[in-house]
Amino acid sequence: MILGPSDVLDTVVAAETPEGILLELRPAGLTARFYAFGLDWTIRLMIIYAAAMVTTVIGGIGVAFWLVLVFGLEWLYPIAFELSPSGATPGKRVFGLRVVMDNGLPVTAAASVARNLLRVADFLPFGYGFAIVSMLLRRDCKRLGDIAAATIVLHQPRATSRMPLHTVVPVSPARPLAPEDQAAIIALAARAPGLTAGRLDELAALAAAASGDVGRSGPAVTRRVLGVAEWLLGRR
Amino acid sequence: MTPLGFEQMYQKEWAELEGLLDHVLGRKTGDSAHRVEMSGARLAALYRRACEHLALARGRSYPSYIIDRLERMTADAHQLIYHRREFGVARVRHMMAVEFPSAVRAQWRYVAVAAAAFLLPTVLIAFLVYWRPELILSVVNSETAASFEDMYSPVVDSIGRTRAATTDWIMFGFYIRNNVSVAFQCFAGGLFAGVGTLFFLAYNGAFSGALAGYLTERGLSPTFYQFVATHSAFELTAIVLSGAAGLRIGHAMLAPGRLTRLQSLVDATRESAILLYGLTAMLVIAAAIEAFWSSATWLPPAAKYVVAAACWIAVPGYFAFQGRRRAG
C-alpha cells in the first residue's frame, strides 16, 4: 500500500498538477495566522502613528495624505504584498507563511482582491469571529474569504537536510520487507539523531524482526536495525 | 534500485533544476560565481523529469529527504511554469472599455435587485422623515442632526465639510475611506447568502433617505441637492454595483445549479472581481468630485446641475452602450 497525502494523519491538502503528481500543501493554522496578523497589524499601526506625527506638523494637506494612507494600509497593504513574488505580507513572511491558490499556483489579482475585501464578512460578528470559527472547523484552515476566493494560506516548505548516514555496518534484512516496512525503518534511521538513546532502543526493538533479533532489544539491536536501514538505502 | 543509487543517478539533473529555480526566483545560491544559462524549454523539460522522479520516489517509498527535495523543486517549478499574469496597461484599458460595462450588463438582474433594495428604503424613509421630521432622531441623535444642518447651511464656505476639517483634501481622504467601507460591506455581506448585502443596502439607503428628507424639511435643499447631485452619479451607482456583486455570490451559494455549492461560490467570486475593480475606481472618482467640486461654494448652482446632469447621462450610458460591439 502506498500512502497518499489524504491518508496521512496530518492537515495536508493535495493539489494535482497537469503532470499528474500531487503537490502537498500544508495549510497554516489559526495560531500561525494569528501571529502573522498581529505582526502586520503592529507594522501598520506604527506606520500610521509615525505618519500622524509628521503630518500633524504639516497640517491641512498632510492630514489629508494621512487619511489616504490609512485607507491604503487598510485595503491595499495585504493585496499589494500578496501579489508580490513572495506572495505574503511581511507578517506572513516572518512566520514562513504564504498565500497561494487552491491548485498551488501564485495567487491571482482577482483572488487576492476578493479574499481581502471579504475580510469584512470574516470580521463579523466581532473580532474576526466567523474567520476563527471557519478556520477551526476546516481541515484546510480557510477563512470565509479564502473559501470564496479559492485561496489557501500555507506554511512555506522548509528545506530538509540530507539524511545523516550512520556509522554502522550495513546488515541485510533477515526476511523480505514490504515497501512500507522499508520506509518505516528508513524513517526511523532519519529520526535517530533527534531521539534519546533509550527511546531509540525502544523503537528499534519494534523493528527488530527485520534484523532477525525478534524479542531482543538494546544498543546492539539498535545498531543492527540501523544497519538494515543503511542496507535498504543502498550501502552494501 | 536503492534510494542512494536513485539519488546518485539523477543528482545532476536535480541540481541543474534547483540552480535554474534559484536563479529565476532570485534566491541566493551557495556558488554565486556559477552563472546559470536560463532556458524555458530546459526548465520545462527538467520539471517534467522531476515530476516523474517524484512519482517514482513516492511509489517506492524512498526516504523522506529525497521526496521532500523533489516536492520542493516541483512545487517551485510548477508555480513558475503555470503562473498567470493578469495585468498590464492593455489589460486595464480593455477592462475599462469592454469588460467592466459588459459584466454589469451581464449581471443586470442583480443590479436591478440591488438598486431596488437600496432605493426603496431611501425614498420611503425620505418621505417619512419629510412628513414627520422628528423621526430623524430615531436614526441619529440630536447632536448629529444638528451637525448635518451645519454642514449644509447656506453660509458655510465649503458644503458638506465638518468643522474639524480645514481643507477639501481632508474631506477627500474621509470620503474615500467611508464610501469604500460601505461598498465593501455590501459586497462581503453576500457571503451570508446575500442577506448581509440586502441589509447593508437597505440600511445605507434608509440613512441617506433620512438625511435627505430631514434637510429638505429644514429648508436646506438648495445647498444639499447641489452638493449631492454630481458625485452621487458615481457613488450611488458604485454602491448598487457592489450590492449586485454581493447578491451574485449569495445567489450562487443558494442556487448552485449543477455545480457544487462551493464551486459555484468560487466561480461567482472570481467573476465579481471585475466589478470590484471598476466600482473601486468609481468610488475614487466620486470622492474626488465630492471633495473638490460638490463642496465648492464659489461655483454657481446652475453649473453644478449641468455637470450633474451630464454625469447622470454619462454613467448609465457607459454601462448601457460601452464595449457592446467588441464584447461580441
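Tutor: Helices and strands here are DSSP runs, numbered from the N terminus, with at least four residues for a helix and at least two for a strand. Keep in mind as we go that this is a predicted model.

Student: Thanks! With that in hand, how many helices and strands does chain A have?

Tutor: Chain A has ten helices and four strands. Starting at the N terminus, their order is β-β-α-α-α-β-α-α-α-α-β-α-α-α.

Student: And what is the make-up of chain B?

Tutor: For chain B the tally is twelve helices and zero strands, so its pattern along the sequence reads α-α-α-α-α-α-α-α-α-α-α-α.

Student: Let's turn to overall shape. What radius of gyration does chain A have, beside that of a compact globule of 236 residues?

Tutor: The compact globule would come out near 18 Å, whereas chain A has 25 Å. The extents of the C-alpha trace add to the picture: chain A spans about 85 × 35 × 30 Å along its principal axes.

Student: What share of the residues is buried in chain A, and what share in chain B?

Tutor: In chain A, 47% of the 236 residues are buried; in chain B, 49% of the 328 residues are. As for the exposed surface, chain A shows about 11800 Å², with 67% of that from carbon and sulfur atoms. Chain B shows about 16400 Å², and carbon and sulfur atoms supply 63%.

Student: How should I read contacts along the sequence?

Tutor: Take the contacts with a separation of 6 or more, and ask what portion joins residues 24 or more positions apart. That portion is 60% in chain A and 76% in chain B.

Student: Could we look at a single residue? Is A:V228 buried or exposed?

Tutor: A:V228 belongs to helix α10 (residues 219–233) of chain A. This valine counts as buried because its relative accessible area is 0%, and buried means under 20%.

Student: Which residues does A:V228 touch, leaving aside neighbours within four places in sequence?

Tutor: Its contacts are A:V171, A:P173, A:L177, A:I185, A:A210 and A:S211. By contrast, A:A121 lies 56 Å from A:V228, C-alpha to C-alpha, with their positions 107 residues apart in sequence.

Student: Now backbone angles. What is the general idea with phi?

Tutor: Most residues other than glycine have a negative phi. Against that background, look at A:A150, which is not a glycine but has a positive phi of about 60 degrees. A:A150 sits in the loop between α7 (144–149) and β4 (151–155) of chain A, and A:A150 is buried, at 12% relative accessible area.

Student: Where does B:A193 lie, and what is its phi?

Tutor: B:A193 is in the loop between α7 (168–188) and α8 (195–217) of chain B. Its phi is positive too, near 55 degrees. B:A193 is partly exposed, with a relative accessible area of 29%.

Student: Last topic: how do I describe two packed helices?

Tutor: Two numbers do it: the angle between the axes and the distance between the axes. Here, helix α4 (residues 109–117) of chain A packs on helix α10 (residues 261–294) of chain B at about 85 degrees, with the axes 9 Å apart. That angle makes α4(A) roughly perpendicular to α10(B).

Student: Which residues make the contact?

Tutor: From α4(A) come A:A109, A:A110, A:V113, A:A114 and A:L117, and from α10(B) come B:T269, B:A273, B:L276 and B:Y277. Sorted by character, the residues of this contact are eight nonpolar, one polar and no charged.

Methods
Residues are numbered from 1 along each chain as its sequence is written. Chains are lettered from A and ligands numbered from 1 in the order in which they are written. This is a predicted model: local features need pLDDT of at least 70, side-chain atom pairs count only at pLDDT 80 or more; totals for chains, interfaces and linings use all residues. Side-chain values use heavy atoms; hydrogens and water are left out. Axes are lines fitted to C-alpha atoms, for helices over the stretch in contact, and angles run from 0 to 180 degrees between N-to-C directions. Angles under 35 degrees count as roughly parallel, over 145 as roughly antiparallel, 65 to 115 as roughly perpendicular and the rest as oblique. Contact means heavy atoms within 4.5 Å. Ala, Val, Leu, Ile, Met, Phe, Trp, Tyr, Cys and Pro count as nonpolar, Asp, Glu, Lys and Arg as charged, and the others, Gly among them, as polar. The radius of gyration is taken over C-alpha atoms; the globule rule is 2.2 Å times the number of residues to the power 0.38. Buried means under 20% relative accessible area, exposed over 50%, partly exposed in between (1.4 Å probe, protein chains only). Accessible areas come from the Shrake-Rupley method with a 1.4 Å probe; for residues, only the protein chains shown count as cover.
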